[in-house]
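This report walks through selected features of one protein model, moving from helix packing to backbone geometry and then to charged side chains. It is best read with the sequence and the coordinates open alongside.

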Amino acid sequence: MSGAGPVIGLRTRGVYYINSKFMSETFPFEPRSFEPQGIRLGVVRGISYGLFGPPGEFVPQARALGAGLVRAYLYWSQVEPEPGQYRWDTVDALLGQLTGDEELWITLCSSSPWGTRQPTDFLPPSPALDQRAYAEFVRQVVRHCSGRVRYWQCDNEPSNTGLLWAGSAAEYAEQLQTMYGAVKEVDPAAAVVLGGCGYDVFSSEPGSAPRQFFDHVAKAGRDAFDLFSVHLYGDLDRIAKYIATARQFMQAHGYLKPVVAGEHAGPQPFEFPDAMAVMQETFAAAFAEAASAAGSAPSQSTDELAGRAGQDTPERRAMKALYDRMDSLPPRLQMFMAGCPAELEAKRDRISCRQVVMRTVLALAEGVHRTAYWNLAPEYPGPADHLQMMHLLIGKLPLLGYRDGDLAVRHPAAQTFALLAEKTAGARAVSRVTADGPPGLYAFEVDRAGRGPLLVVWDHRDPFDGEDEPPADLSWPWPADAATVTDVFGRTLAISGQHGHIRLPVSDTPLFVEPPARS
């Protein structure tokens, strides 16, 4: 059956057809739009590649999961460690893994021990001491990649000042303009991506410093990027609002460019108020002590991080105190901790599998045609330091793990990502459809080229306790005489149609519904 339109008898809302008249009339894109064609699901390797160890293989593993896009970080320090001295080992290791079927997105970070205001080889990036030197660095990298990189991004989450950008909004806009000019001079077909607009922006109130930062960049840098990247963390029911906010930054200055999701993942502790209350109480004093001792945000060069490893820092003391009372903490926080009870580990895995699908589909339904899951794997093999706060926030998000130095372990969310990629292969558009059902019903039709229609449906519930509620019985219009239903865990059920409808057991676990495969 054709998937050319929404399921019969249902109302459609929030439909975005790529390069269609509907899209162009609804949003006045720039005359030369870099709207990505088709829909691709992707992954982010991590915040580094080849920086903390040899540049290992990861693109084939991402491709095996069905990723059609891979995003990786490169730092100025890796490519030009000294003025005019270029090293291409890391870049070539990355390019050598490409087959041409995937799209490559490079986040190029201005971290340099000699070329930037804050000397470092890792974090935080900062303004170049000489924009001409920075422009030449960008030209050299783009030229070396010979058109094999589709997207070039100027740093990452620059509004997260101190940690991910040691500069002002005006300085970031200036450097964005420099990068744009250098990229286009060498490879005019490549797209330049605005540094990711993240949770610090979306979770803050209008007029906050992060929002003022992006408002300035959207105004001053309007002619220096092609795609606006958003990072979709936090509550699921706010994803549409986050994407709308990104568009409003541009619309406020009289233009609109395509939005892509450079990062998304969950669950994370800040989705659960009782978990966050404990964390805020635990870390408030630690942060105050660290800030008083440092005076300013410390550099996070690879050497300095290695030197601080295992030191008795305020952060580590706070984390140790948290682990000492793990048994008494809210289960919603325990599940993010290393060594938590097995039942909580399994629950977190199930929540993660659900959110891989939910976050992706919600973004696609808002007209986002490129998504990248954070993240594919840990930064390097070996045991993780669970006494770092970042481990509590993102330590369990990777899809893959290491075995004997290779990315050979698939976590449950990886299986779900691969299932989602297979079900949405050939997708051209995703639309949300409405019908009678539970108050929290989310239903979407995926228009797939050369394939039958795909329905994705779930009931919005509490992410932690919702799975304990019984499924709701949903009658859904269905033109075929049967349907195959697959949940995010890969369990499949055959359902017979009756009088033009099928009955679906809808819960917080998303279901993929499609006509049976032809024999």
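In which sense, left-handed or right-handed, does helix 5 pass helix 6? In this predicted model, the crossing of helix 5 with helix 6 is right-handed, and the two axes come within 9 Å of each other at an angle of roughly 40°. On the side of helix 5 the contact is made by Gln-131, Tyr-134, Ala-135, Val-138, Arg-139, Val-142 and Arg-143, and on the side of helix 6 by Glu-174, Gln-175, Thr-178, Met-179, Ala-182, Val-183, Glu-185 and Val-186. Sorted by class, the residues of this contact comprise 8 nonpolar, 3 polar and 4 charged. A general point helps in reading such lists: an α-helix has 3.6 residues a turn, so residues three or four places apart point the same way.

Helix 6 also packs against helix 8, which spans residues 209-220, and here the axes come within 9 Å and cross at roughly 35°. This crossing, too, is right-handed. Ala-169, Ala-170, Tyr-172, Ala-173, Leu-176 and Gln-177 of helix 6 meet Phe-213, His-216, Val-217 and Ala-220 of helix 8, and the residues of this contact divide into 8 nonpolar, 2 polar and no charged.

Helix 8 is in turn among the elements that cover the buried residues of helix 9, together with strand 6 (191-197), helix 7 (199-202), strand 7 (227-232), strand 8 (259-264) and helix 14. Helix 9 itself runs over residues 239-251, and its 13 residues reach 18 Å from the first C-alpha to the last, close to the 18 Å expected at 1.5 Å a residue. The buried residues in helix 9 are Ile-239, Tyr-242, Ile-243, Thr-245, Ala-246, Arg-247, Phe-249 and Met-250.

The backbone deserves a separate look in several loops. A cis peptide bond joins Leu-123 and Pro-124, with omega at about -10°, and Pro-124 is found in the loop between strand 4 (103-109) and helix 5 (131-145). Another cis peptide bond, with omega at about -5°, joins Trp-374 and Asn-375, and Asn-375 is placed in the loop between strand 9 (370-374) and helix 15 (389-394).

Positive phi values outside glycine occur at Asp-155, where phi is near 60°, and at Glu-157, where phi is about 45°. Asp-155 lies in the loop between strand 5 (151-154) and helix 6 (169-186), and Glu-157 is likewise found in the loop between strand 5 and helix 6. Asp-155 counts as buried because its relative accessible area is 0%, and Glu-157 counts as buried because its relative accessibility is 10%.

Glu-103, in strand 4, is a further acidic residue that counts as buried, because its relative accessibility is 12%. Leaving aside neighbours within four places in sequence, Glu-103 is in contact with Arg-40, Gly-68, Leu-69, Val-70, Arg-150, Tyr-151 and Arg-370.

The structure holds 34 salt bridges; the table gives examples.

| Basic residue | Acidic residue | Closest N to O distance |
|---|---|---|
| Arg-354 | Glu-467 | 2.8 Å |
| Arg-448 | Glu-514 | 3.2 Å |
| Arg-491 | Asp-487 | 2.7 Å |

The salt bridge between Arg-354 and Glu-467 links distant parts of the chain, 113 residues apart, with Arg-354 in helix 14 (residues 342-365) and Glu-467 in the loop between strand 14 (454-459) and strand 15 (472-477). Arg-354 counts as buried, because its relative accessibility is 5%. Both residues also belong to a network of salt bridges that links Lys-347, Arg-350, Arg-354, Glu-467 and Asp-508.

The salt bridge between Arg-448 and Glu-514 likewise links distant parts of the chain, 66 residues apart, with Arg-448 in strand 13 (residues 441-448) and Glu-514 in strand 19 (residues 511-514). Arg-448 and Glu-514 are both buried.

Which partner in the salt bridge between Arg-491 and Asp-487 is buried, and which is exposed? Arg-491 counts as exposed, because its relative accessibility is 54%, whereas Asp-487 is buried, because its relative accessible area is 7%.

Notes
Residues numbered from 1 in each chain as written. Predicted model: local features only at pLDDT ≥ 70, side-chain atom pairs only at ≥ 80, totals over all residues. Heavy atoms only, no water. Salt bridge = Lys/Arg side-chain N within 4 Å of Asp/Glu carboxyl O. Helix = DSSP H or I, 4+ residues; strand = E, 2+ residues; numbered from the N terminus. Buried < 20%, exposed > 50% of the residue type's maximum accessible area, 1.4 Å probe, protein only. Axes fitted to C-alpha atoms, helices over the stretch in contact; angles between N-to-C directions. Left-handed = near helix turned anticlockwise from the far one by under 90°. Contact = heavy atoms within 4.5 Å. Nonpolar A, V, L, I, M, F, W, Y, C, P; charged D, E, K, R; others polar. Expected span 1.5 Å × (residues − 1).
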